2 protein chains.
Amino acid sequence: MRIAIQGERGSFSDEAARRLLARPRLVCLPNFEEVFRALAGRQADAAVVPIENTLAGSVGANYDLLRRESVWIAGETRVRIAHQLMAAPGVALAQIRRVLSHPVALEQCRKFLARHRTWEVVPFYDTAGSAKHVMANRPDDTAAIASLAAAREYGARILSRGIEDDKKNFTRFVLLYRERRAVPGANKISIVFTTRDRPGALFRALAVFALRDLSLTRIESRPITGRPWEYHFYLDFLGHLNEKRVQNALAHLGELAEEVKVLGWYRQT
Amino acid sequence: MRIAIQGERGSFSDEAARRLLARPRLVCLPNFEEVFRALAGRQADAAVVPIENTLAGSVGANYDLLRRESVWIAGETRVRIAHQLMAAPGVALAQIRRVLSHPVALEQCRKFLARHRTWEVVPFYDTAGSAKHVMANRPDDTAAIASLAAAREYGARILSRGIEDDKKNFTRFVLLYRERRAVPGANKISIVFTTRDRPGALFRALAVFALRDLSLTRIESRPITGRPWEYHFYLDFLGHLNEKRVQNALAHLGELAEEVKVLGWYRQT
């Protein structure tokens, strides 16, 4: 199976892909749009992308792509995000003057970086990519912030372990296919819809689920391009797509909402 | 009045500050945390920060800061975001090899940048800051993406006008003070609360407003640090804090939610 991910080997997306699929053959891409494009264009059989982090919040770009593109969520997994400071072997912590990583990783190590105020902090497109870069160029004053897996993948030496501000730092990833598929044990459904712009519209939409005892696990809103101050709403709820109660809820939502799209049905982790 | 903003003179925050207050004396700071700190520490009398953009979505960091810090929203304004490509006078479009700007601005000019694939795209901390940098260093191969006001402020020459992908691009800014204050014509209230983690909790919280015919204009969720997969909810609704119906709704919400904080009462624009 060829799995498209954003980032390099040793990235958190790589770890998520390994958890979701046995022996994934990674197709490493620089951004999320290209990941969705590779899946649509059959350069990959599936894709794994991050959807939310417990510190940084939602990955808005991926919510937008899930709605726009023709994909199906068939699984999810939650990866613990732990960051390590690493450099080429032989480089000591005292030599470091610059640190590279993905902006979200840099943000999540703010307390550590505050203790090294003189370091130049340089945003990079990927955590594992920053480790790869440091090992390819071997500067003696530059470190990367990435995962333990990235250090192993590229042979970087760890200078400081577990430098993230908060240990309760997890990212939820979703597994995507081009087409719908039934998954054993699937118990969670993701949808997106747009309410008509009128008072109480969101409340009525949520009532569709509450009145049928369907539990929401997540709500997210994203702006509608070209319709300022209107929003798409994303819901995750526990249920089975072949259940009458769920089918009724979705039909009922269809009466109230402008556009209802089922994004996937998968097993909650 | 000293007004703290993130970014430089000529930034969209500067434009928002000029709309919200007569003759603001800007205190320009590099990030949002320092803006809130300057307000708390009395280095500024007020602050103006962006809260959501109609293409990129919410500014999560500012939602978090509004909840954590002791501030009061006393106004809002919506600024049309138009981007211009600019360089030092004498530099022609054909010479450009590099372009600097804030990552969100770069994202919003994706179609324009796709027509110049050979350019190196460099993230910068601020749109107006990128214009200031280009005019201070005067490289003959580098352009900045910033506002018309920034071009005027720093004397940069515009090479391409209105390069943003979507013309319906607006950012909503809020005006913050340290303490509560009554504002003439205030008709919108912002709150944040945390639901107890049980089925239907958010539905019940919204019912508090719907059952009293109070119209929501915005809902946003942000992760709770240290409690993975639980969320703070932010609501904006139309109403008056001195209205019995609003007071009852907030008291009712207090019965259902863990923590209710009123963030401000201001005039909707």
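1. In this predicted model, B:Glu220 has B:Tyr234 as its bridge partner in β14(B). The pairing belongs to a set of seven bridges that join β13 of chain B (residues 216–223) to β14(B). The two strands run antiparallel.

2. B:Tyr234 also takes part in a pairing with another strand, since B:Val192 stands opposite B:Tyr234 in β14(B). Here strand β12 of chain B (residues 188–195) is joined to β14(B) by seven bridges, and this pair is antiparallel.

3. Is strand β14 of chain B largely enclosed or open? Of the eight residues in β14(B), which covers residues 231–238, six are buried, so the rest of the structure largely encloses this strand. A residue is called buried here when 20 or more other C-beta atoms lie within 10 Å of its own.

4. The contact between the chains draws on 27 residues of chain A and 26 residues of chain B. On the side of chain A that touches chain B, α8 (201–210) and β13 (216–223) of chain A each provide at least two residues. The largest share there, six residues, is that of β13(A). By type, the residues on this side of chain A are 15 nonpolar, eight polar and four charged.

5. Turning to the domains, chain A is divided into domain 1 (2–81 + 169–177), domain 2 (84–160) and domain 3 (188–266). Domain 1 of chain A is thus listed as two segments, 2–81 and 169–177. Between the C-alpha centres of domain 2 of chain A and domain 3 of chain A there are 42 Å.

Note on methods. Residues numbered from 1 in each chain as written. Chains lettered and ligands numbered in written order. Predicted model: local features only at pLDDT ≥ 70, side-chain atom pairs only at ≥ 80, totals over all residues. Contact = placed C-beta atoms within 7 Å. Helix = DSSP H or I, 4+ residues; strand = E, 2+ residues; numbered from the N terminus. Nonpolar A, V, L, I, M, F, W, Y, C, P; charged D, E, K, R; others polar. Buried ≥ 20, exposed ≤ 12 C-beta atoms within 10 Å, placed from the backbone. Pairing = 2+ DSSP bridges. Domains from an automatic or database assignment.
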